[in-house]
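Here is a short briefing to read alongside the model. Take a moment to turn the structure around, and then follow the topics below.

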Amino acid sequence: MGGKLFFWLVICFPSSIALLATTFYQVLILSDLEADYINPFDAASRINYFILPEYIGQGALCVLCLFTGHWFMFLLSLPVTCYHIMRYVKREHLIDVTEVFRGLNAERKFRLAKLVMYLILLIVVIFCRKFNILPQFQV
């Protein structure tokens, strides 16, 4: 019982909140850039500051769910983790200052989709711990 409580309350919940907050901040910066409240250099540097920690946090959460036997959480976070790995390998993970306006709509849509995914992940974390819905398989 103590291990499950530690996993849900100390690892999953804060990491889900952190991923949700960083993605919301990135969407907010992109909206400010579109409305011309911030210049492209500041927007790109602010967003690029959070990209690598977000990728590492998402990957660590996915791997941790795999190793602890929480298969549903693992399968829920796997598509975003694979997409992050693909973007990192192709060196497309950072926003380029000179071409920030060219891909602004696509970047904002991608981050809004990630925001919805992280919100679903947070809801699953909250309700699965509260109601003990998802089974945990022993590895």
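Let's start in the second helix: α2 has a kink of about 25° at I51, shortly before the proline P53. Please keep in mind that this is a predicted model. The protein has four helices and zero strands, and its elements run α-α-α-α from the N terminus on.

**Overall picture**

- Of the 139 residues in the protein, 38% count as buried.
- Taking contacts between residues at least 6 apart in sequence, 78% join residues at least 24 apart.

**Helix α2**

- Helix α2 covers residues 40-68.
- Does the kink leave a mark on its length, or what span should we expect for α2? At 1.5 Å a residue, its 29 residues should span 42 Å, and the end C-alpha atoms are 42 Å apart, so the two values agree.
- The buried residues of α2 are A43, A44, I47, I51, E54, Y55, Q58, G59, L61, C62 and C65; the kink residue I51 is thus listed among them.- After α2 comes G69, whose phi is positive, near 90°.

**Helix α3**

- Helix α3 covers residues 71-89.
- Where does α3 bend? The bend, of about 40°, is at L78, and a proline, P79, follows within four residues.
- The 19 residues of α3 should span 27 Å at 1.5 Å a residue, and this agrees with the 26 Å between its end C-alpha atoms.
- Buried in α3 are M73, F74, S77, V80, T81, H84 and R87.

**How α2 and α3 pack**

- The axes of α2 and α3 come within 8 Å and cross at roughly 145°, and the crossing is left-handed.
- On the α2 side, the residues in contact are L52, E54, Y55, Q58, G59, C62, C65 and L66.
- Their partners in α3 are W71, M73, F74, S77, L78, V80, T81, H84, R87 and Y88.
- By class, this contact of α2 with α3 has 11 nonpolar, five polar and two charged residues.
- The bend residue of α3, L78, takes part in the contact with α2.

**Positive phi in the loops**

- As background, most residues other than glycine have a negative phi.
- D36 is not a glycine, yet its phi is positive, about 65°.
- D36 sits in the loop between α1 (2-34) and α2.
- Is D36 buried or exposed? With a relative accessible area of 60%, D36 is exposed.
- R91 is another residue other than glycine with a positive phi, in this case near 60°.
- R91 comes just after α3, in the loop between α3 and α4 (104-131).
- R91 counts as exposed because its relative accessibility is 61%, where the cut-off for exposed is over 50%.

**Pairs far apart in sequence**

- T23 lies in helix α1 and, at 0% relative accessibility, counts as buried.
- Which residues does T23 contact, leaving aside its neighbours within four places in sequence? They are E54, R111, K114, L115 and Y118.
- E54 in that list is also one of the buried residues of α2 and belongs to the contact of α2 with α3.
- T23 and L112 are 89 residues apart along the chain, and their C-alpha atoms are separated by 7.9 Å.
- I126 lies in helix α4 and is partly exposed, with a relative accessible area of 38%.
- How many residues separate I126 and W8 in sequence? They are 118 residues apart in sequence, and 8.3 Å apart in space, C-alpha to C-alpha.

Note on methods. Residues numbered from 1 in each chain as written. Predicted model: local features only at pLDDT ≥ 70, side-chain atom pairs only at ≥ 80, totals over all residues. Heavy atoms only, no water. Axes fitted to C-alpha atoms, helices over the stretch in contact; angles between N-to-C directions. Helix = DSSP H or I, 4+ residues; strand = E, 2+ residues; numbered from the N terminus. Left-handed = near helix turned anticlockwise from the far one by under 90°. Contact = heavy atoms within 4.5 Å. Nonpolar A, V, L, I, M, F, W, Y, C, P; charged D, E, K, R; others polar. Expected span 1.5 Å × (residues − 1). Bend = angle between axes of the 7 residues up to and from the residue. Buried < 20%, exposed > 50% of the residue type's maximum accessible area, 1.4 Å probe, protein only.
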